[in-house]
Amino acid sequence: TPEWMRAMERLEKVTRRLRTPQHALINHLHTATKEELGAKLPAALADRLRITNAEANRRIAEAEDLGERRALTGEPLAPKLAATAAAQRDGLI
């Protein structure tokens, strides 16, 4: 049982870390046009990922706060919630 619990902890940490690249992908897709996506971003994500529109909207909002951003000039910007994003990258939350 202790080994199974350690395995669950490791799996949970990896799962949490996977949100970081997902935020970057969503923020990049946010710049795509409706024509490129085939629909507005929430509907396109919901359809492609087989999730609800509400879940797609939640992920988009989370990516806006925790994902890397770009300035108008193209330079990278830190996430709005930088400390939370760092903890997520470390698999802590």
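1. In this predicted model, Asn27 counts as buried, at 15% relative accessibility. The residue lies in helix 2. A polar atom of the Asn27 side chain is placed 3.0 Å from the backbone oxygen of Ala63. With neighbours within four places in sequence left aside, the contacts of Asn27 are Ala63, Glu64, Gly67 and Glu68.

2. Asn27 belongs to a wider buried set in helix 2, which also includes His23 and Ile26. Viewed down the axis of helix 2, these buried residues fall within an arc of 100°, and they therefore line one face of the helix. The general background is that an α-helix has 3.6 residues a turn, so residues three or four places apart point the same way. On the face of helix 2 turned away from the buried side, Leu25 and His28 are exposed. The cover over the buried residues of helix 2 includes helix 4 (41–49), helix 5 and helix 6 (82–89).

3. The packing of helix 2 against helix 5 deserves a separate point. The two axes are 9 Å apart, and the packing angle is about 100°. Helix 2 and helix 5 are therefore roughly perpendicular to each other, since angles of 65 to 115 degrees are counted in that class. From helix 2, the contact is made by Arg19, Gln22, His23, Ile26 and Asn27; from helix 5, it is made by Arg58, Arg59, Ile60, Glu62, Ala63, Glu64 and Leu66. By class, the residues of this contact divide into four nonpolar, three polar and five charged.

4. Within that contact, Arg59 merits individual inspection. Arg59 is found in helix 5 (residues 53–66) and is buried, with a relative accessible area of 14%. Its side chain makes a polar contact, at 2.8 Å, with the side chain of Glu55. Beyond the residues within four places in sequence, Arg59 is in contact with Arg19, Gln22, Ile26, Leu49 and Ile51. Of these partners, Arg19, Gln22 and Ile26 also appear on the helix 2 side of the contact with helix 5.

5. Helix 2 also meets helix 1. The axes of helix 1 (residues 2–17) and helix 2 (residues 19–29) come within 4 Å and cross at roughly 15°. This crossing makes helix 1 and helix 2 roughly parallel to each other, because angles under 35 degrees count as such. On the helix 1 side, Thr15, Arg16 and Arg17 meet Arg19, Thr20 and Pro21 of helix 2. The contact of helix 1 with helix 2 comprises one nonpolar, two polar and three charged residues.

6. Which residues does Arg17 touch, not counting those up to four places away in sequence? They are Gln88, Arg89, Asp90 and Gly91. Arg17 is located in helix 1 and counts as partly exposed, at 39% relative accessibility. Its side chain reaches the backbone oxygen of Arg89 at 3.4 Å. A further pairing across the sequence is that of Arg17 with Ala87: the two are 70 residues apart along the chain, while their C-alpha atoms are 9.1 Å apart in space.

7. Met5 is another residue of helix 1. Met5 is exposed, with a relative accessible area of 51%; the threshold for that class is over 50%. Met5 and Ala43 are separated by 38 residues in sequence and by 37 Å in space, C-alpha to C-alpha.

8. Helix 4 has its own buried residues: Leu41, Ala44, Leu45 and Ala46. The elements covering them include helix 2, helix 3 (34–37) and helix 5. Helix 2 and helix 4 thus each appear in the cover of the other's buried residues.

9. The residue that follows helix 4 calls for a check of the backbone. Arg50 follows helix 4 with a positive phi, near 60°. Arg50 is a residue other than glycine, and most residues other than glycine have a negative phi. Arg50 lies in the loop between helix 4 and helix 5 and is exposed, with a relative accessible area of 77%.

Definitions and conventions:
Residues numbered from 1 in each chain as written. Predicted model: local features only at pLDDT ≥ 70, side-chain atom pairs only at ≥ 80, totals over all residues. Heavy atoms only, no water. Axes fitted to C-alpha atoms, helices over the stretch in contact; angles between N-to-C directions. Helix = DSSP H or I, 4+ residues; strand = E, 2+ residues; numbered from the N terminus. Parallel < 35°, antiparallel > 145°, perpendicular 65-115°, else oblique. Contact = heavy atoms within 4.5 Å. Nonpolar A, V, L, I, M, F, W, Y, C, P; charged D, E, K, R; others polar. Buried < 20%, exposed > 50% of the residue type's maximum accessible area, 1.4 Å probe, protein only. Polar contact = N/O pair within 3.5 Å; in protein donor to acceptor, adjacent residues only side chain to side chain. Arc of directions from axis to C-beta.
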